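These are my notebook entries on a set of look-ups in one protein structure. I wished to record strand pairing, ring contacts and enclosed space in turn.

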Amino acid sequence: MFSEDYGSIPGLDIIFLLGGYYYHTNYDTVDRLVPGSMQARGDNLYSAVKAFAESAKLRNARQRESLGVSNGNDDGQAVFFDYLAWFMIFYSRRIAMVLHGIPVIIFLVMPFFSRFLDSGLWCCFATFYDFVKGMILHTTGIMLAIIFPVLFSILRLLVSSYGMNWFANPFLAFMMFIPISLVGLLIPRMVFRGFPLSQNVSVLKVSKEALSDEARFWGAFGFYASLTLAYLLAGLSGGFLTFFTSASMLLAWISFCLSIKFCGRQLARSTVFYVIPLIPCLTYSVYFGGFLVQFLIEKMGMMGSLPPPYGNYVPDIVVAAIVGVVTSWCMGPLMPICGKWLARSSILQFLLHLSVIALALSSQFFPYSRDAPKRVVFQHTFLTADANRIVDSSYDFSVVDSNSLLFLFKYAPEVAKELNIGPEFSFETAKMSNQRTFLTLFPVNFLFSRSLQFPARSDEILKQYRQFPHLYTNKPQTMSSDGSRRVYLELSLGSLKEVWVAVLNITGPLSSWSFADTKLPVPETAEGGPPSYICRLTGSSHEKWNFWLEGRNVEDIRVDVAVLDQNLVEEAKKLKSVFPGWADVTAYS
């Protein structure tokens with residue numbers, strides 16, 4: 001909010017990358033913190049504050065604008081990354097403009113540099129055409145390395161009763177998707193064993209194998225060089241990885257050519273000379289890619305319950321696609337030279353068998369555990385008409401991942417028994433809750449779909465509280481000369497003890513209000529309902545909120561109030577207690 005609302009102030013957002021399993025759950029305890037992480041956060045925070053405070057460039061937005069944006073120092077989108085947490089690499093956007101453009105220039109110049117003096121312009125164009133064909137083949141392999149795991153994940157869900165088996169067992173994602181991704185990566189090499197050369201071998205007096213290796217290498221190099229340039233032109237600062245890959249491949253190719261020149265074309269030796277310069281790059285790719293996949297898997301438990309029929313497939317497809325990207329990213333630079341070793345029918349069969357075995361094994365693993373819990377939202381809802389009257393009471397449940405509430409009731413029979421759910425229970429026969437039921441959790445309630453509602457008693461809450469939240473006018477409304485009217489309201493939170501938030505949902509021709517410097521937010525629309533304005537209020541339970549709403553005409557303005565109380569009645573506490581350990585329940589009234 002400081003960078004957006006208070007003068008474009010630069011800053012850093014520092015987060016813990018891993019530990020997403022426990023984030024916002026009851027299992028997020030001190031003993032689960034990674035040792036040293038709080039010290040690292042303090043070091044980072046202190047260093048950042050000290051650097052900002054001592055910087056000679058410390059100016060506010062108006063001063064920067066009057067001095068010509070930034071005096072030519074454009075580090076706003078600088079490139080910075082660590083190498084295996086050993087050291088930090090940083091360079092400015094201006095340097096990145098030069099560095100990240102070099103690989104594409106090398107790719108475009110190389111056909112003319114290597115052929116023009118000896119073979120003429122026509123041969124240069126034929127060489128460039130071969131490089132482009134090599135690039136197309138490499139791109140095809142990369143795409144198949146992503147598509148094959150996605151198809152495999154869909155196939156698995158067609159024969160499995162639930163998804164996300166890998167959630168509590170991340171190794172399953174690697175076992176299932178890496179082998180099939182490698183199959184996709186190797187297929188173009190398998191199909192085009194003989195590279196379709198445009199160059200005349202007899203004129204160049206070079207072996208067809210050497211020309212094929214050259215075309216495949218420069219094609220792969222061109223792919224990573226093009227990605228580096230695309231990052232640069234898009235204004236992104238993440239092109240360091242593809243630039244690092246391009247630079248490492250260039251060193252590997254020089255090493256490969258030198259080994260052939262001095263030792264002859266010995267396949268094993270020249271391959272080793274090609275691989276050795278790539279080791280730092282491949283090590284970093286595995287390190288970075290492994291963290292990325294683990295981070296993504298942990299976040300899948302809170303990405304939202306997407307509606308059917310395709311919602312159940314989304315998490316598995318996303319994880320499969322990312323594993324495919326990481327696999328192709330780690331193995332891609334090796335393919336131009338090592339592909340001839342790997343693209344054999346026996347190796348492809350082995351990888352396919354490995355994938356099928358992993359598929360069979362995955363069905364034996366349960367998606368959740370106490371260390372990787374399923375998130376369940378349990379809301380005890382009371383619909384009130386005034387300060388002392390309850391119209392309706394219900395238990396409303398929702399989940400925030402692709403395994404629906406039916407999965408929960410199937411594998412948590414104690415909960416099903418407590419809610420009187422029989423074996424014939426289904427979404428078609430159940431009573432559904434809409435997103436507006438969970439208004440107090442706005443905007444998190446947009447993650448919910450297929451939420452369920454069950455009847456509940458309301459007598460306990462009447463004994464617990466003397467008054468419920470209620471809204472009333474506290475002075476007469478006023479009319480302005482342009483025909484708009486202003487209504488003065490007061491919100492009392494009653495005698496609630498542990499109020500976390502109160503949310504106003506205002507529907508109708510609203511033109512202004514007394515909140516947020518009288519600025520109206522963008523209206524929200526939920527499940528096809530009318531546009532409405534949402535306002536979240538936080539504060540002590542005993543305080544009353546006084547505010548006004550202004551309407552454009554005499555049409556009605558509807559105000560729904562939802563208040564979240566963290567206190568539960570005994571009956572709701574008992575229901576929460578029967579949930580299994582692998583489910584983390586966020587419960588409130």
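The entries below follow the order in which I consulted the structure, which is a predicted model.

**Entry 1: a four-stranded sheet**

I began with strand order. The sheet I examined is open and has four strands in the order 7-8-12-10, with antiparallel pairing. Its edges are strand 7 (470-479) and strand 10 (510-513), each of which pairs on one side only. I also looked up the twist: neighbouring strands of this sheet are turned by 25° against each other on average, direction ignored.

I then followed one edge inwards. Strand 7 pairs with strand 8 (residues 485-492) in the antiparallel sense, and seven bridges join them. To fix the register, I noted two partners: Thr473 has Leu489 in strand 8 as its bridge partner, and Thr478 stands opposite Arg486 in strand 8. The two strands form a hairpin with five residues between them. In the turn I found Gly483 with a positive phi of about 95°.

A side-chain contact was entered here as well. Lys475 lies over the face of Tyr488, at 4.7 Å from the ring centre.

**Entry 2: strand 6 and its partners**

Next I turned to strand 6 (residues 451-455). Is this strand mostly covered or mostly open? I recorded it as mostly covered, since four of its five residues are buried.

I looked up what pairs with strand 6. Strand 4 runs antiparallel to strand 6, and four bridges join the two. Strand 5 (residues 431-433) also pairs with strand 6 in the antiparallel sense, over three bridges. One residue of strand 6 recurs in both look-ups: Leu452 is the bridge partner of Phe397, and Met432 stands opposite Leu452.

**Entry 3: aromatic rings**

I searched the whole structure for aromatic pairs and obtained 52. The pair I took up next was Phe167 with Tyr368. Why does this pair count as edge-to-face? The ring centres of Phe167 and Tyr368 are 5.8 Å apart and the planes stand at 65°; planes over 60 degrees apart count as edge-to-face, so the pair is placed in that class.

I checked where the two residues lie. Phe167 is in the loop between helix 6 (121-159) and helix 7 (170-191), whereas Tyr368 is in the loop between helix 15 (345-362) and strand 3 (374-384). The pair therefore links distant parts of the chain, 201 residues apart. Phe167 has 2% relative accessibility and counts as buried; Tyr368, at 4%, counts as buried too. The cut-off for buried is under 20%.

A second pair, Trp253 with Phe256, was entered beside it. The ring centres are 5.3 Å apart and the planes are at 25°, so I recorded the pair as stacked. Both residues lie in helix 10 (residues 240-263), three residues apart, about one turn of the helix. Trp253 and Phe256 are both buried.

I also noted a cluster linked by ring pairs. Its members include Phe81, Tyr83, Trp86, Phe87, Phe240 and Trp329. Tyr284, Tyr287 and Phe288 are also among them.

One further charge-over-ring contact was looked up: the charged end of Lys299 sits over the ring of Tyr23, 4.8 Å from its centre.

**Entry 4: the second largest pocket**

I then examined open space. The second largest pocket holds about 1200 Å³. It is lined by 42 residues, of which Phe382, Leu383, Thr384, Val561 and Ala562 are the closest to its centre. Which elements give two or more residues to this lining? I listed strand 3, strand 4 (390-399), strand 7, strand 8, strand 9 (499-507) and strand 13 (558-565). Strand 13 provides the largest share, seven residues.

**Entry 5: closed cavities**

Finally I counted enclosed space. There are five cavities of 30 Å³ or more. The largest cavity contains about 180 Å³ of space. Among its lining residues I noted Gly134, His138, Arg189, Arg216 and Met335.

I asked which helix gives the most to this lining. Helix 6 does, with five residues. Helix 6, helix 7 and helix 14 (335-342) each supply at least two residues of the lining.

Conventions
Residues are numbered from 1 along each chain as its sequence is written. This is a predicted model: local features need pLDDT of at least 70, side-chain atom pairs count only at pLDDT 80 or more; totals for chains, interfaces and linings use all residues. Side-chain values use heavy atoms; hydrogens and water are left out. Two strands pair if DSSP finds at least two bridges between them. Axes are lines fitted to C-alpha atoms, for helices over the stretch in contact, and angles run from 0 to 180 degrees between N-to-C directions. Rings of Phe, Tyr and Trp (its six-membered ring) pair if their centres lie within 6.5 Å; planes under 30 degrees apart count as stacked, over 60 as edge-to-face and the rest as tilted. Buried means under 20% relative accessible area, exposed over 50%, partly exposed in between (1.4 Å probe, protein chains only). A charge sits over a ring if NZ of Lys or CZ of Arg is within 6 Å of the ring centre and within 35 degrees of the ring normal. On a 1 Å grid over the protein atoms alone, a cavity is a set of points where a 1.4 Å probe fits but cannot get out, and a pocket is an open set with protein on both sides within 12 Å along at least five of seven lines; lining residues have an atom within 4 Å of a point. Grid points are joined across faces, edges and corners, and a volume is the space filled by probe spheres set on the points.
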